[in-house]
Every structure is written in C-alpha cells, then in structure tokens.
Amino acid sequence: MTWQEEVNKMARGIRLRVLEHTIMENGGYLCQACSSAEIMSTLYKKILKLEKLDKPLMPGPFTGTPGKDHKAVTGVRFNGNHNPDCDSFILSPAQYALVLYAALIEAGRMDENGMKEYNMDGGSVEMIGAEHSPGMEVTTGSLGQGISQAAGIAFARKQRGDQGRVVVLLSDGECQSGEFWEAVQAASFHHLDNILAFIDVNGYQCDGKMTTVMNIEPFEERLRSFGACVHRIDGHDIEKIAEMGKMEACGKPTFVLCDTDPCHGLEFLREREPKYHYIRFLNQEDRERYRGYYEKLITEEN
C-alpha cells in the first residue's frame, strides 16, 4: 500500500468512526471530521515526527488537577515521549477531540476500546479535550489559546536547541479572536520558524457561516501583514498537505490555510446547512436514517 492509499484509508476510517460514534451518542462533532480528516491523516502518516509506540495505548482515568502534591498528567504519551528531535503536536480547537481520538486509533496509537470512555465521569477521554486527554499536551478549550501555547512551547524549544517542530491544527472560527492575532504577531517577532500551523478553513462556526458572523478574509493577506509565512491549499489534497510538511523553515512561523468542505465524504450532511458545528438528531427517525447511511458506507467499504 502506498502512503497515499494509507492516508486516504485513514481519512475514511476517521469519518466512519466519528459517524458511528455520533449515531451511538445521539450527537457529535461530525462535520469537523469531514473537513479535517485528510489533514489529520497526513499529519500522523506523513508529517509528524513522533516516537513509535510498541502497541496502542489505553486511556487512563482522570487523576486530578495539577498541584503541589499532584504531578500534571498529559495525553502526550499517545504521541510518544518528548525528545529533542520529535515534533510537538498541539490541537487548538478542543472540540475536535473526537476527531483526534479517531485519528489516534486509526494510526495505531490508541486502543479502540478507549472510545468507550468518551465523556464518562472520571475519564480522560473528554468531549472537549483537555491536557490529560489522549493526544493532548495542553488544555486549549478557550478558542485562540492553542496558538499562544504553541508559541510558548516553540520559544522554549528554540532556546534549548531542539530540532523538533511545534505542529498545530487550528480551526478558522477561532482565528477571529484577538488572542490568535496577538500570538501570530509575537511568534513572528521572535522568529519562531519552528511553528508549522495548519488551519482547517471550512467556512463555518457555531453560529453559521464565517462570512456572515465575522469575516476574516482575505485571511492570507492578514496573516502576512502580521509577519507570518503563509500558503493556501486544498485541504483535501493529501499531496499538497504532505508537501507543506516538507518545507524548509522560512525564518518566521508558517501557516497553511487548508480550504475544506464540512460535508466532504458524507454528502448527506448538506441538508443541515448552515448548522454544521454540532450534529444533533431531531428525533429517533432522523437518527435511524443516519444509521442507514452508516451501514451503507460500511458495506461499500467492504
């Protein structure tokens, strides 16, 4: 199997897992899986430099908040231990946590039984990912926070002389926040060229279309004016995504705007426009209809 076939298979697997989970839980962040599956799959299969794991890991319980007598517990072990040559991965929009869990399973880093712990009291597999959740290193629940924390980590890694990068996945909606722009400005000023940020530009947020809530276009020109290196690509083109991962550092943080479709791979979701942020079923009949879509896709997959 070529790497392209592996990535495409993983992307389909992410969508199917998140669709199945959405049906089982009577709701979920499904459109985020549709828009970001190729990005996430290419990251884990082709771009991120991570330590190999001996076997998929099972998530543990939430052991408490960090404090004087309790060491902080993070989900970074699912990406391997930190070492100077490995990349750090920061998921900025914490509502994409379900997509990350599905990606970790598909990448062979998380035991699929771990999904049974999703949103359970006392568990670490949170609906809105936190620092102790699988694959998470920091808590990024307040949108716009992830890039700020990534900049701090990148600054520290640069001071230490680490070769590993800080790779970030963001959503376009959180880029409306002032904290996002302040972080871009600071990262550019400090020449943090060890930051590689992919932004899922799917055009929608919780209140509808980005262009009607608070338009941030022309996005690339704005980012450049804040000092960043910027590229804009088709976010479902795995060849282009992989190419972005091979770029030489440009002396500044690099942002890759990935134009995506919140219904990619699951065309039946278009009936819900513009309410793509969270898929909630209207009634049991609606839920069973989606179960039929899922079963059809599984049959086609096999």
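1. Which residue stands opposite Cys-258 in β7? In this predicted model, the residue standing opposite Cys-258 is Asp-200. The two strands to look at here are β3, which covers residues 195–201, and β7, which covers residues 254–259, and they pair in the parallel sense over six bridges.

2. This pairing belongs to a wider arrangement, an open sheet of five strands, in which the order is β1-β2-β3-β7-β6 and the pairing is parallel. The sheet has β1 (88–91) and β6 (229–234) as its edge strands, each of which pairs on one side only. If direction is ignored, neighbouring strands of the sheet are turned by 20° against each other on average.

3. A helix should be read together with this sheet: α8, made of residues 238–245, packs on the sheet and touches β3, β6 and β7. When the direction of α8 is set against that of β6, the two make an angle of about 160°.

4. The next topic is the largest pocket, whose volume is about 450 Å³. It is lined by 25 residues, and the closest to its centre are Gln-163, Arg-165, Asp-193, Met-247 and Ala-249.

5. Two elements already mentioned return in the lining, since the elements giving two or more residues to the lining of the largest pocket are α2 (31–47), β3 and α8. The largest share comes from α8, which supplies three residues. Sorted by class, the lining of this pocket holds eleven charged, eight nonpolar and six polar residues.

Methods: Residues numbered from 1 in each chain as written. Predicted model: local features only at pLDDT ≥ 70, side-chain atom pairs only at ≥ 80, totals over all residues. Heavy atoms only, no water. Pairing = 2+ DSSP bridges. Helix = DSSP H or I, 4+ residues; strand = E, 2+ residues; numbered from the N terminus. Axes fitted to C-alpha atoms, helices over the stretch in contact; angles between N-to-C directions. Contact = heavy atoms within 4.5 Å. 1 Å grid on protein atoms, 1.4 Å probe; cavity = no way out; pocket = protein on both sides within 12 Å on 5 of 7 lines; lining within 4 Å. Points joined across faces, edges and corners; volume = space filled by probe spheres on them. Nonpolar A, V, L, I, M, F, W, Y, C, P; charged D, E, K, R; others polar.
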